[in-house]
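Trainee: I should be grateful for a close look at a single part of this model, set within its surroundings. Please state the reasoning wherever a conclusion depends on a threshold.

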Amino acid sequence: MLARGPSRRSATRNPGARPDFRFPPAMRKSSVRRFGRILGQLVPHPTLSSRSEPSNVVETISDGRIMCSTRITSCVAAFGPRGNWMRHNAPLLPSGQPKSVLRGAMSVAGLFAGIGGFELAFSRAGFKTRLLVEVDPAARAVLKTRFPDAEVRSDVCDLSSLPPDNTIVTAGFPCQNLSMAGDKSGISGPKSGVVGKLFELIMRHQPATVVIENVYFMLQLDSGRAMEWLVTQFERLGYHWAYRVVDTMGFGLPQRRRRVYLLACRNVDPRRILFADNDPIANIPTLSLTRPLGFYWTEGRSGVGLTVDGIPPLKVGSALGIPSPPAVLFPDGEVLTPSLPACEELQGFPRGWTDVVGINKGRNPAWRMVGNAVSVPVAQWVARRLKTPGTVLELTQTSISKGNRWPQGGWNVGEGRVGIAASAKPVLTEAPSISQFRDTSWSRLSDRALNGFIDRAENGGLRMPENFLDTLRQATRKTPTLR
Ligand SMILES: C[S@@+](CC[C@H](N)C(=O)[O-])C[C@H]1O[C@@H](n2cnc3c(N)ncnc32)[C@H](O)[C@@H]1O
């Protein structure tokens, strides 16, 4: 739940919350007044004579401290996704280009950390994870084992501070209300709405860099309302931002997984991270049974996620926690589903990453956690570029217009919002065949599951590749041969 700001009434009732600070003298009274009204919480300053004009503004933080930045150059108010206000007194970036190098920002605070996909990637690039925050106890067990030097906390909503130095905040916030498979209630939904808390922390601590990852579908849901909200918050807080849709398939893993990477920076041009690499050759493979074909066996009537020589995106499994990894029809006629270690590998984790003490292996939550995770090589590309920003490529610019689905990429570096037509494959890496990930740990899809899929597909009227359903039917009669 988002924290609601204190009302004027609660402030006057709580004399203990009186501040002992004042606005910097350079600040005009009109700004103070305006900001005070926005905050709805005004306290007269003892040394200023005007009775009518408030000269101080209180900001009460959830842990009871009171804060007011002495570096105020401009005031803005930001509003939470549910329309509740959030307070802000951060300095805005001066206009013009931000500095081009990332100075001293070597530590990472991972919020909504899951099993630490971001943080594994950042550690491989030389960053140190100081703080990890994750509400799921099973995921926390993984974090504690894999990042023994980091402080592990449980709930972002209970967090009152970030590590003090120049920190990079990673935040793959919950996607349940933004994904195609979810309830589509949007950025203010019961799960995804927790992102408001992230922005409260950003306001207070102004981290150097924030990296967000979330589902591709949020670019089109409600005409991109979630993106509109996210980038508006960053603009109000004085950050420059850039985002890009990137596909795991372009990073040496045969998993089609398009995700939005949104980067907001205070002292580096985010375009130099996300738009310094591009492989424009969009190689669309033809559907053919001579190559392995991945698909969602749990679907059938609607999109089945056919993927040539790879798997469609790993998902979190059923609401009951039953694993449902996608299946692959191999050219030898076998229809197999990957094991948990294979799924870890297909997300870029070492095999066995989630095999830690404290996880119930019965209805193993690791399936969900791996399906939730960020693909490590993609996050690693972002981390490496943060260390060594490149030169912004010349890319076709488009527009970002309100009420329309958002483009594949975009930025605002102080000169307005720009849409970008960049490929989802920034680096020149060919994904290996999914066959290279196949081993004896994979399971044969049961005849029951396969027949259920065939029935749904036949009745659903979706166009399938030639001989696909026939080959699946034959697979149900086949003696399994795993290799
Ligand atoms: C999309 S996943 C992030 C996965 C992560 N990037 C990874 O690589 O594993 C979102 C995570 O946020 C966690 N979460 C949800 N609400 C939270 C909260 N209030 N505080 C901390 N974590 C939360 C969920 O348990 C889930 O693991």
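Mentor: Helices here are DSSP runs of H or I with at least four residues, strands are runs of E with at least two, and both are numbered from the N terminus. On that basis the protein has twelve helices and 17 strands. The model is a predicted one. Of its 483 residues, 47% are buried. Among contacts with a separation of 6 or more, 68% are between residues 24 or more positions apart.

The part I propose to examine is the open sheet of ten strands, whose order is 5-4-3-6-7-9-8-15-16-14 and whose pairing is mixed. Its edges are strand 5 (151-153) and strand 14 (396-398), each of which pairs on one side only. From one strand to the next, the twist averages 20°.

Strand 9 is a suitable place to begin. In the order of the sheet, strand 9 stands between strand 7 and strand 8. Strand 9 covers residues 258-265, and because seven of these eight residues are buried, the strand is largely enclosed by the rest of the structure. On one side, strand 7 (residues 209-215) pairs with strand 9 through seven bridges in the antiparallel sense; within this pairing, V211 is opposite L263. On the other side, strand 8 (residues 240-247) is joined to strand 9 by eight bridges, and these two strands also run antiparallel. Here V245 has V260 as its bridge partner. In a regular strand, side chains alternate between the two faces of the sheet.

Y261 shows how such a strand is connected to its surroundings. Once neighbours within four places in sequence are set aside, the contacts of Y261 are V211, E213, Y243, R244, V246, L274 and V382. Two of these residues deserve a second mention: V211 is the residue opposite L263, and V382, like Y261 itself, is among the residues with the most contacts inside the largest nonpolar core. That core has 119 residues, and L111, L198, W241, L262 and L263 also belong to the group with the most contacts. Helix 10 (residues 376-387) supplies the largest share of the core, namely seven residues.

Let us now move towards the edge formed by strand 5. Strand 3 (residues 107-111) and strand 4 (residues 128-133) run parallel and are joined by five bridges. In this pair, the partner of V108 is T129. Helix 4 (residues 137-146) belongs to the same neighbourhood: strand 4, strand 5 and helix 9 (366-372) are included in what covers its buried residues. Those buried residues are A139, R140, A141, V142, L143 and R146. An α-helix has 3.6 residues a turn, so residues three or four places apart point the same way.

L143, which lies in helix 4, repays individual attention. A residue counts as buried when 20 or more other C-beta atoms lie within 10 Å of its own; L143 has 24 of them, and is therefore buried. Its contacts, again without neighbours within four places in sequence, are A113, I115, G116, L132, E134 and V152. Of these, L132 falls within strand 4 (residues 128-133), and V152 within strand 5 (151-153). I115 is 28 residues away along the chain, yet its C-alpha atom is separated from that of L143 by 5.8 Å.

The ligand completes this part of the account. It is surrounded by 22 residues, the closest being F112, G114, G117, G172 and A373. By character, this shell comprises 14 nonpolar, five polar and three charged residues.

One loop contributes a backbone detail. K184 lies between strand 6 (167-171) and helix 5 (195-205). Its phi is near 60°, a positive value in a residue other than glycine. With 14 other C-beta atoms within 10 Å, K184 is partly exposed, because its count lies between the limit of 12 or fewer for exposed residues and that of 20 or more for buried ones.

For comparison outside the chosen part, there is also an open sheet of five strands in the order 11-10-12-13-17, with antiparallel pairing. Strand 11 (307-308) and strand 17 (443-444) form its edges. Strand 13 (residues 335-337) is paired with strand 17 over two bridges, and L336 has R444 as its partner there.

Conventions
Residues are numbered from 1 along each chain as its sequence is written. This is a predicted model: local features need pLDDT of at least 70, side-chain atom pairs count only at pLDDT 80 or more; totals for chains, interfaces and linings use all residues. Two strands pair if DSSP finds at least two bridges between them. A residue is near a molecule or strand if its C-beta atom, placed from the backbone, lies within 6 Å of it. Ala, Val, Leu, Ile, Met, Phe, Trp, Tyr, Cys and Pro count as nonpolar, Asp, Glu, Lys and Arg as charged, and the others, Gly among them, as polar. Two residues are in contact if their C-beta atoms, placed from the backbone, lie within 7 Å. Axes are lines fitted to C-alpha atoms, for helices over the stretch in contact, and angles run from 0 to 180 degrees between N-to-C directions. A nonpolar core is a set of buried Ala, Val, Leu, Ile, Met, Phe, Trp, Tyr and Cys residues joined through C-beta atoms within 7 Å.
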